[in-house]
Amino acid sequence: MVHPFHPLYGQEFELITYRNNWGEERVFFHDSGGRLRSMPASWTSVAAPHPFVAMAAGRALFRVEDLLALVALLRRLEGGREISGDRAMV
């Protein structure tokens, strides 16, 4: 099972291996074309849910740190505005 916002949501794949790569836990599987793929284990039902997500019980879809990372990415794409910690930098 994959995170609800991922294009592969609702599909199931056979787990080939689960290991730490690039500083994060990742799952490896073969896609429909037979190619070996990987994604963060936290995006799947293999990993235990993040404590915030479990406590929110569907009332909050995003963690604060995820929203801040999204804002930082969007600002970089817009032309350089950065965000640091919990404060926006313009």
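In the hairpin of strands E1 and E2, which has two residues between the strands, Trp-22 takes a positive phi near 55 degrees. Strands here, like helices, are DSSP runs numbered from the N terminus, with at least two residues for a strand (E) and at least four for a helix (H or I). Before I continue, please note that this is a predicted model, in which local features need pLDDT of at least 70 and side-chain atom pairs count only at pLDDT 80 or more, while totals for chains, interfaces and linings use all residues. Residues are numbered from 1 along each chain as its sequence is written, and side-chain values use heavy atoms, with hydrogens and water left out.

Let me stay with the hairpin. E1 and E2, the latter covering residues 24–30, pair in the antiparallel sense over six bridges; two strands count as paired if DSSP finds at least two bridges between them. Asn-20 stands opposite Glu-25 in E2, and Thr-17 has Phe-28 of E2 as its bridge partner.

How does the hairpin fit into its sheet? Three strands form an open sheet in the order E1-E2-E3, with antiparallel pairing. Strand E1 (15–21) and strand E3 (36–40) stand at the edges with a single partner strand each, so one side of each is left without a neighbour in the sheet. On average, neighbouring strands of this sheet are turned by 30 degrees against each other, direction ignored; the axes behind such angles are lines fitted to C-alpha atoms, for helices over the stretch in contact, and angles run from 0 to 180 degrees between N-to-C directions.

Two residues deserve attention here. Arg-26 is found in strand E2. Is Arg-26 buried or exposed? Arg-26 is buried, because its relative accessible area is 11%, and buried means under 20%, exposed over 50%, and partly exposed in between, using a 1.4 Å probe and protein chains only. Its side chain is joined to that of Ser-38 by a polar contact of 3.0 Å. A polar contact is a pair of N or O atoms within 3.5 Å; within protein, one must be able to donate a hydrogen and the other to accept it, and residues adjacent in sequence count only if both atoms are side-chain atoms. Leaving aside neighbours within four places in sequence, Arg-26 is in contact (heavy atoms within 4.5 Å) with several residues, among them Thr-17, Tyr-18, Met-39 and Pro-40.

The second residue is Asp-31, in the loop between E2 and E3. Asp-31 counts as buried because its relative accessibility is 16%. The side chain of Asp-31 makes a polar contact of 3.0 Å with the side chain of Arg-37. With neighbours within four places in sequence set aside, Asp-31 is in contact with Phe-13 and Arg-37.

I turn now to the helices. Phe-52 is found in helix H1 (residues 51–56) and, at 33% relative accessibility, counts as partly exposed. Not counting residues up to four places away in sequence, Phe-52 touches Ala-60, Phe-62 and Arg-63. Helix H2 (residues 64–78) has 15 residues and reaches 21 Å from its first C-alpha to its last, close to the 21 Å expected at 1.5 Å a residue; the expected span is 1.5 Å times one less than the number of residues. After H2 comes Gly-79, with a positive phi near 130 degrees.

Finally, the whole chain. Along the sequence it follows the pattern β-β-β-α-α-β-β, with two helices and five strands. Buried residues make up 19% of its 90 residues.
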